[in-house]
Amino acid sequence: MRFMMFVIVTAMVVFGTAVTVTQAADQKVTLMLGGKHCDSYSNDVETALKKVAGVKNVDLKSMPGHAVVETEAGKAKPEDLETAVNGVKGSGWNCTGKVMK
């Protein structure tokens, strides 16, 4: 009986630690979107950001004029997120993304 309790408690500690580590690894990056046509291309902006390796979620609704991007730590660099937004419609596009610090 004691052995069974030991196994259960050990499993809880191991799995609990794994969950904590995973949650701690996630981070949020906020991009300020600029330009008069950004709102028209929100689906394109979201798609471009989700293609960046390490991006888990993109929220364009909670902060108007911004993209809140949830990433895995160390996988998506802020510069990569800016590049993704700035490259959606090419050099003539009037929308830009800038990481807020």
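Colleague: What share of the 101 residues in the chain is buried?

Modeller: The model is predicted: local features need pLDDT of at least 70 and side-chain atom pairs count only at pLDDT 80 or more, while totals for chains, interfaces and linings use all residues. Residues are numbered from 1 along each chain as its sequence is written, and side-chain values use heavy atoms, leaving out hydrogens and water. Buried means under 20% relative accessible area, exposed over 50%, and partly exposed in between (1.4 Å probe, protein chains only). Of the 101 residues, the buried share is 27%.

Colleague: Which pattern do the helices and strands follow along the sequence?

Modeller: Helices (H or I, at least four residues) and strands (E, at least two) are DSSP runs numbered from the N terminus. The chain has three helices and four strands. Read along the sequence, their pattern is α-β-α-β-β-α-β.

Colleague: Which residues of the largest nonpolar core touch the most other members?

Modeller: Such a core joins buried Ala, Val, Leu, Ile, Met, Phe, Trp, Tyr and Cys residues through side-chain atoms within 4.5 Å. Among its 19 residues, those touching the most other members are Leu31, Leu49, Val55, Ala67, Val69 and Leu81.

Colleague: Which elements each supply at least two residues of this core?

Modeller: The core holds 19 residues in total. Each of the following gives at least two of them: strand S1 (26–34), helix H2 (42–50), strand S2 (55–59), strand S3 (66–72) and helix H3 (78–86).

Colleague: Which residues does leucine 31 touch, not counting residues up to four places away in sequence?

Modeller: Leu31 is one of the core residues that touch the most other members. Contact means heavy atoms within 4.5 Å. With residues up to four places away set aside, Leu31 touches Leu49, Gly65, His66, Ala67, Val69, Leu81, Glu82, Val85, Gly97, Lys98 and Val99.

Colleague: Which elements give two or more residues to the lining of the largest pocket?

Modeller: On a 1 Å grid over the protein atoms alone, a pocket is an open set of points where a 1.4 Å probe fits, with protein on both sides within 12 Å along at least five of seven lines; lining residues have an atom within 4 Å of a point. The lining consists of Leu33, Gly34, Gly35, Lys36, Cys38, Asp39, Ser42, Val45, Leu60, Pro64, Gly65 and His66. Two or more of these come from each of S1 and H2.

Colleague: Is lysine 36 buried or exposed?

Modeller: Lys36, one of the pocket-lining residues, lies in the loop between S1 and H2. Because its relative accessibility is 69%, Lys36 counts as exposed.

Colleague: How far apart in space, C-alpha to C-alpha, are threonine 96 and glycine 34?

Modeller: Thr96 lies in strand S4 (residues 96–99) and is partly exposed, with a relative accessible area of 44%. Its contacts beyond four places in sequence are Met32, Leu33, Gly34, Cys38, Val85 and Asn86. Although Thr96 and Gly34 are 62 residues apart in sequence, their C-alpha separation is 5.1 Å.

Colleague: How far apart in space, C-alpha to C-alpha, are asparagine 86 and valine 45?

Modeller: Asn86 lies in helix H3 and is partly exposed, at 32% relative accessible area. Asn86 and Val45 are 41 residues apart in sequence, and the distance between their C-alpha atoms is 8.9 Å.
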